[in-house]
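Colleague: Hi, have you got a minute to walk me through this one? I'd like to begin with the ligand.

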Amino acid sequence: MALCALRRQLLKRSSSCGAWGRCMQRWSSGCVYTDVHGFNQLEIREKLQAFPGGSVDLLKQDSGVAVLTINNPSRMNALSGSMMVDLEERVSQLENWTDGKALIVRGAAETFCSGSDLNAVRAISNPQDGMKMCMFMQNALTRLLRLSLISVALVEGRALGGGAELATACDFRLMASDSVIQFVHKHMGLVPGWGGATRLVRIVGSQNALKLLAGALKVDPELGLQVGLADGVLQDPQGQEGAGTPLQQAEKWLSSYIKGPAPVIQAVKKVVLSGRELPLSEALRTEKDVFGTVWGGPANLQALASKSKHK
Ligand SMILES: CCCC(=O)SCCNC(=O)CCNC(=O)[C@H](O)C(C)(C)COP(=O)(O)OP(=O)(O)OC[C@H]1O[C@@H](n2cnc3c(N)ncnc32)[C@H](O)[C@@H]1OP(=O)(O)O
């Protein structure tokens with residue numbers, strides 16, 4: 001069952017359940033904010049488009065692994081307004097990718113992302129516009145995390161501010177040996193607003209999140225592994241012969257998790273996602289619904305016919 005169909009089912013189930021039903025409706029649409037919250041998607045898109053520069057590029061490969069590249073190297077891959085809109089459009093394309101299994105998010109020219117473009121930030125520094133941008137990016141990054149693809153942030157160079165927040169919107173993070181993730185928000189007189197703090201707490205726990213945010217600590221691969229922000233460290237392609245490029249290493253790392261047909265991999269992501277985000281009863285019911293999509297399916301029947309042993 002495609003994620004949209006699953007969401008429709010959840011929507012139907014929750015439509016008559018008051019506040020909880022409304023909450024489920026938001027989960028099933030993938031978005032955090034809708035017009036109920038005074039969020040006007042078209043208005044903020046128009047405002048963001050007024051700050052152009054760079055692009056967010058999507059390459060969907062036959063292997064089922066897509067590569068999303070944050071591409072604004074002259075500004076260390078800072079996200080301009082038009083790139084935020086690009087990002088949201090690429091997420092929509094990925095939501096409709098039925099053959100996909102995984103996604104790698106990376107930055108161009110060997111650095112990840114230096115956060116929001118400070119030129120755009122200065123121009124929209126009034127609280128109303130800041131809140132609208134914040135809601136737009138929370139929606140986009142929440143939908144990114146909720147894709148039925150296994151996602152990996154490939155962090156080379158620096159992931160700063162909003163760039164660090166983007167890295168938390170993936171299921172996993174792989175860090176190049178000289179890379180740094182840093183929530184610099186405190187130095188900017190800010191806190192994360194793109195959902196990065198909420199996700200960070202879930203990834204590293206509240207004690208570690210408080211240290212990383214309050215200290216604006218530079219998280220190198222060693223600290224990343226220690227606190228659980230990093231899931232692996234890439235070999236230096238220069239230092240180690242045959243290591244492969246960072247992108248090849250990320251694809252290799254992913255390969256053990258995406259063997260098998262796309263519907264099964266997507267089903268795995270869906271049950272983990274619902275277990276991560278939903279209360280127990282709702283997560284269990286969703287797991288049952290997803291189970292129903294693979295039970296008796298082609299991969300299941302083939303495995304039964306081959307009398308497979310799991311030695
Ligand atoms: C809710 C969202 C919160 C946020 O994301 S707030 C933004 C947080 N990010 C920042 O403050 C990053 C500020 N930039 C830096 O610290 C440094 O540029 C950085 C990334 C460490 C790189 O340092 P260097 O290697 O020395 O390179 P550099 O400073 O000469 O930078 C090269 C060019 O890139 C530009 N750049 C880097 N980060 C940018 C940004 N976020 N917005 C706009 N432009 C940015 C920088 O101004 C420089 O441009 P130019 O060559 O002087 O024209």
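Modeller: Happy to! This is a predicted model. A good place to begin is L118, where a backbone N or O atom lies 2.8 Å from a nitrogen atom of the ligand.

Colleague: And how much of the ligand does the protein bury?

Modeller: The protein buries 58% of the 960 Å² that the ligand exposes when taken alone.

Colleague: Which elements give two or more residues to the shell around the ligand?

Modeller: Those are β5 (158-160) and α7 (162-168). In total, 18 residues surround the ligand, and S74, S114, S116, L118 and G162 are the closest. By class, the shell has seven nonpolar, seven polar and four charged residues.

Colleague: What do S74 and S114 do there, in terms of atoms?

Modeller: S74 has a backbone N or O atom 3.3 Å from an oxygen atom of the ligand. For S114, a polar backbone atom is 2.8 Å from a nitrogen atom of the ligand.

Colleague: Back to L118 for a second. Which surface patch is it part of?

Modeller: L118 joins M188 and L190 in a nonpolar surface patch of about 290 Å². M188 sits in the loop between β7 (180-182) and α8 (196-204), and M188 counts as partly exposed because its relative accessibility is 47%.

Colleague: Changing topic: how many salt bridges does a search of the whole structure find?

Modeller: Twelve. One of them pairs the side chains of D171 and K269, at 3.0 Å from N to O. That pair links distant parts of the chain, 98 residues apart: D171 is in the loop between α7 and β6 (172-175), and K269 is in helix α12 (residues 262-277).

Colleague: Are D171 and K269 buried or exposed?

Modeller: D171 counts as buried, with 15% relative accessibility, and K269 counts as buried at 5%. The cut-off for buried is under 20%.

Colleague: Where do R285 and E282 lie?

Modeller: Both are in helix α13 (residues 280-294), three residues apart, which is about one turn of the helix. They form a salt bridge with the closest N and O atoms 3.1 Å apart. R285 is partly exposed at 39% relative accessibility, whereas E282 is buried at 7%.

Colleague: Last one: where is N96, and why does it count as exposed?

Modeller: N96 is in the loop between α4 (81-95) and β3 (102-107). N96 counts as exposed because its relative accessibility is 57%, and the cut-off is over 50%. A polar atom of the N96 side chain lies 3.1 Å from the backbone oxygen of S92.

How values were computed: Residues are numbered from 1 along each chain as its sequence is written. This is a predicted model: local features need pLDDT of at least 70, side-chain atom pairs count only at pLDDT 80 or more; totals for chains, interfaces and linings use all residues. Side-chain values use heavy atoms; hydrogens and water are left out. A residue is near a molecule or strand if one of its heavy atoms lies within 4 Å of it. A polar contact is a pair of N or O atoms within 3.5 Å; within protein, one must be able to donate a hydrogen and the other to accept it, and residues adjacent in sequence count only if both atoms are side-chain atoms. Accessible areas come from the Shrake-Rupley method with a 1.4 Å probe; for residues, only the protein chains shown count as cover. Helices (H or I, at least four residues) and strands (E, at least two) are DSSP runs, numbered from the N terminus. Ala, Val, Leu, Ile, Met, Phe, Trp, Tyr, Cys and Pro count as nonpolar, Asp, Glu, Lys and Arg as charged, and the others, Gly among them, as polar. Buried means under 20% relative accessible area, exposed over 50%, partly exposed in between (1.4 Å probe, protein chains only). Patches are made of residues with over 30% relative accessible area and no salt bridge: like charges are joined within 9 Å, nonpolar side chains (Val, Leu, Ile, Met, Phe, Trp, Tyr) within 5 Å. A salt bridge is a side-chain nitrogen of Lys or Arg within 4 Å of a carboxyl oxygen of Asp or Glu.
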